[in-house]
Amino acid sequence: MVGGTERGNRYATQQINFAYAALLSSHFQGYCRDLHSECIDHLVSLVPNALQKYLRLEWIWNRSLSRGNPHPGAIGQDFGRLGFDFWTKVYSLDARNERRREILNELLGWRNAIAHQDFDLVAPSGIPSLHLAKVREWRRALNRLSHEFDTVVYDSLSTMLGTAPW
């Protein structure tokens with residue numbers, strides 16, 4: 001039902017592609033949240049011990065990446081609280097990052113459709129069809145964005161602190 005070389009429909013592939021898309025979204029969210037936490041850990045380590053707990057709590061309070069999808073607004077807002085304009089810096093690294101941000105939004109649209117079983121926005125025809133090639137395109141874009149995010153955070157903290165954060 002999933003693979004094979006003979007003719008015929010592969011009925012379970014749609015469900016596997018749905019699962020792959022949902023997993024891709026959750027892993028990307030985990031990456032963004034972990035990167036944000038690493039930034040916080042480094043910044044907090046630079047202040048007196050008595051203040052560290054309170055400063056950490058302030059930076060994770062109401063963190064969008066801890067409770068919702070990793071949409072561009074949430075990412076920009078959470079990293080912006082650390083003192084830099086996140087998306088402006090991401091865009092300045094590579095002009096293709098604007099398209100990668102659109103691809104992230106496309107993935108999140110599908111992720112929500114899959115999770116809520118409401119495909120009206122992603123499949124106006126009423127027939128949801130997600131192909132492996134599309135999920136792989138999303139994965140490539142997110143892999144590239146991950147590298148760009150790491151560069152932006154590293155450079156921003158280095159500039160703010162005058163020394164490399166890690």
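## A tour of the helices and their salt bridges

Select E137 to begin: with a relative accessible area of 23%, this residue is partly exposed. Keep in mind that the model on screen is predicted.

**Stop 1: from E137 to R99**

Now add R99 to the selection. R99 and E137 form a salt bridge, and their closest N and O atoms are 3.8 Å apart. Colour the two helices involved. R99 sits in helix α5, residues 97–116, and E137 sits in helix α6, residues 132–161. The two residues are 38 apart in sequence, and the pair links distant parts of the chain. Check R99 against the surface as well: its relative accessibility is 40%, which counts as partly exposed.

**Stop 2: E106 and K134**

Stay with these helices and select E106 and K134. Their side chains meet in a salt bridge, at 3.2 Å from N to O. E106 belongs to α5 and K134 to α6, so this pair ties together parts that are 28 residues apart in sequence. Are these two residues buried, partly exposed or exposed? E106 has 25% relative accessibility and counts as partly exposed. K134, at 24%, is also partly exposed.

Next, show R99, E102, E106, K134 and E137 together. Salt bridges that share partners join these five residues into one network.

**Stop 3: R56 and D41**

How many salt bridges does the structure hold? The count is nine. Another of them is found by selecting R56 and D41, whose side chains meet at 3.1 Å, N to O. R56 lies in helix α2 (residues 49–60) and D41 lies in helix α1 (residues 13–45), so the salt bridge ties together parts that are 15 residues apart in sequence. R56 is partly exposed, with a relative accessible area of 30%. D41 is partly exposed too, at 39% relative accessibility.

**Stop 4: along α2**

Select the whole of α2 now. This helix has twelve residues. From first C-alpha to last, α2 reaches 17 Å, close to the 16 Å expected at 1.5 Å a residue. Then step just past the end of α2 and pick N62. Its phi is positive, at about 60°.

**Stop 5: where α1 packs on α5**

Show α1 and α5 and hide the rest. Two packed helices are described by the angle between their axes and the distance between the axes. Here the angle is about 120° and the axes are 9 Å apart. That makes α1 oblique to α5, because angles of 65 to 115 degrees count as roughly perpendicular and those over 145 as roughly antiparallel. The crossing of α1 and α5 is left-handed.

Which residues meet here? Turn on side chains to see them. From α1 come F18, A21, A22, L24, S25 and F28. From α5 come L104, L107, L108, W110, R111 and I114.

**Stop 6: A74 in α3**

For the last stop, select A74. This residue is placed in helix α3, residues 72–80. Is A74 buried or exposed? A74 has a relative accessible area of 1%, so it is buried, the limit being under 20%.

Add S64 and N69 to the view. Leaving aside neighbours within four places in sequence, A74 is in contact with these two residues. Draw a distance between the C-alpha atoms of A74 and S64: they are separated by 5.3 Å, although the two residues are ten apart along the chain.

Note on methods:
Residues numbered from 1 in each chain as written. Predicted model: local features only at pLDDT ≥ 70, side-chain atom pairs only at ≥ 80, totals over all residues. Heavy atoms only, no water. Salt bridge = Lys/Arg side-chain N within 4 Å of Asp/Glu carboxyl O. Helix = DSSP H or I, 4+ residues; strand = E, 2+ residues; numbered from the N terminus. Buried < 20%, exposed > 50% of the residue type's maximum accessible area, 1.4 Å probe, protein only. Expected span 1.5 Å × (residues − 1). Axes fitted to C-alpha atoms, helices over the stretch in contact; angles between N-to-C directions. Parallel < 35°, antiparallel > 145°, perpendicular 65-115°, else oblique. Left-handed = near helix turned anticlockwise from the far one by under 90°. Contact = heavy atoms within 4.5 Å.
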